[in-house]
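Reader: I have just opened this one and would like a walk through it. Can we start with a single detail and work outwards?

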Amino acid sequence: MGLLDDRVVLVNGGSQGVGAAVARAAVRAGAVVAVSGRRAGPGEALVAELTAAGGRALYVRADLSDAEEAKAAVTEVVRAFGRIDCLVNSAGLTSRGTLLDTTPELFDAHVAVNLRGPFFAMQAAVADMLARGAPGTIVNIITSSAHGGQSFLAPYVAAKAGLAGLTRNAAHAHRWDRIRINGLNIGWTATEGEDATQRAFHGAGDDWREQAAARLPMGRLGRPDEIADFVVLLLSDRSGVVTGSVIDWDQNVLGGLD
């Protein structure tokens, strides 16, 4: 028996990075998986991979910065599979900005992807669960930077900190509906998106991962597959009654000082 046998799971931002790892782990755990994303190429390629491995999978094109598309992704999953049992909000925008140089347009872009999209995807998913009188689980991928973060992440931190608050608020509101909602504050992780960010904004070379690893307590960055296994646990019944938790998935300890 898999942890997610016969569950219908939507992974927003699921075509690469942590989202793709979650999709793979969910299929291995027995779930029917839909992945959403803006680019059809990577999304369809992932679905083909999952299907070839014996899973049931669907790609849904959606730009999570558009609230209507965020809701429509859930609607499409319900149309295709009859319901949605689990939602993972993994899409994220990490472009840089400080308090002084962030434009209103950049700020709005961060809020749109990192907060508003997850809000309305959750709204649509919870509405389906309530209409069926069924339990469900949601996991929001947040960031350890939501505690404060670096100075060059001001709009990102603002939006992701909002998502952490939303996670707790929604979990409290729907605990009596048996809908569990939790979040992960993930730390520095080796993903395709992080590679692009390091090269675009920090002038990183091909050895940036090795240099980063040397500065980290465990001697390496986090891996998407490790996060994915933790997400599957939170989506499954094996995480028990846990709801409203925003868990620090990181190797740095908040409040610890050397």
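**Salt bridges first**

Author: This is a predicted model. In it, Asp-85 and Arg-83 form a salt bridge, with their closest N and O atoms 2.9 Å apart.

Reader: Is Asp-85 buried or exposed?

Author: Asp-85 is buried, because its relative accessible area is 10% and the cut-off for buried is under 20%.

Reader: And its partner, what about Arg-83?

Author: Arg-83 is partly exposed, with a relative accessible area of 26%.

Reader: How many salt bridges does the structure hold?

Author: The structure holds 10. One of them pairs Arg-7 with Asp-237, and the closest N and O atoms there are 2.9 Å apart.

Reader: Where do those two sit in the chain?

Author: They come from distant parts of it, 230 residues apart. Arg-7 belongs to the segment before strand E1 (8-12), while Asp-237 is in the loop between helix H8 (224-235) and strand E7 (246-249). Asp-237 is exposed, at a relative accessible area of 57%.

Reader: Which residues are joined into one network by salt bridges?

Author: Let me begin with one pair. Glu-226 and Arg-220 meet through their side chains in a salt bridge, 2.6 Å from N to O. Arg-220 counts as partly exposed, with 35% relative accessibility. Through shared partners, salt bridges join Arg-220, Arg-223, Asp-225 and Glu-226 into one network.

Reader: What about charges overall, how many positive and negative side chains are there?

Author: The protein has 24 positive and 28 negative side chains. The centres of the two sets are 5 Å apart.

Reader: New topic. How many helices and strands are there?

Author: The protein has eight helices and seven strands. Its radius of gyration is 18 Å, close to the 18 Å that the globule rule gives for 258 residues, so the protein is as compact as a globular protein of that length.

Reader: What box do the C-alpha atoms fill?

Author: Roughly 50 × 40 × 35 Å, along the principal axes.

Reader: And how much of the protein counts as buried?

Author: Of the 258 residues, 48% are buried. The accessible surface is about 12100 Å², and 55% of that belongs to carbon and sulfur atoms.

Reader: What share of the contacts join residues at least 24 apart?

Author: The share is 72%, counted among contacts between residues at least 6 apart in sequence.

Reader: Back to the loop between H8 and E7. What does Val-242 contact?

Author: Val-242 is in that loop, between H8 and E7. Apart from neighbours within four places in sequence, Val-242 is in contact with Arg-180 and Asn-182. The C-alpha atoms of Val-242 and Ile-181 are separated by 8.3 Å, and these two residues are 61 apart along the chain. Val-242 is partly exposed, at a relative accessible area of 33%.

Reader: Anything in the backbone angles? What is phi of Asp-6?

Author: Phi of Asp-6 is near 65°, which is positive in a residue other than glycine. Most residues other than glycine have a negative phi. Asp-6 is placed in the segment before E1, and Asp-6 is exposed, with a relative accessible area of 60%.

Reader: And where is Arg-178 found?

Author: Arg-178 is in the loop between helix H5 (154-173) and strand E6 (179-186). Arg-178 has a positive phi too, about 60°, although not a glycine. At 51% relative accessibility Arg-178 counts as exposed, because the cut-off for exposed is over 50%.

Terms used. Residues are numbered from 1 along each chain as its sequence is written. This is a predicted model: local features need pLDDT of at least 70, side-chain atom pairs count only at pLDDT 80 or more; totals for chains, interfaces and linings use all residues. Side-chain values use heavy atoms; hydrogens and water are left out. Helices (H or I, at least four residues) and strands (E, at least two) are DSSP runs, numbered from the N terminus. The radius of gyration is taken over C-alpha atoms; the globule rule is 2.2 Å times the number of residues to the power 0.38. Buried means under 20% relative accessible area, exposed over 50%, partly exposed in between (1.4 Å probe, protein chains only). Contact means heavy atoms within 4.5 Å. Accessible areas come from the Shrake-Rupley method with a 1.4 Å probe; for residues, only the protein chains shown count as cover. Lys and Arg count as positive and Asp and Glu as negative; His and the chain ends are not counted. The place of a charge is taken as NZ of Lys, CZ of Arg, CG of Asp or CD of Glu. A salt bridge is a side-chain nitrogen of Lys or Arg within 4 Å of a carboxyl oxygen of Asp or Glu.
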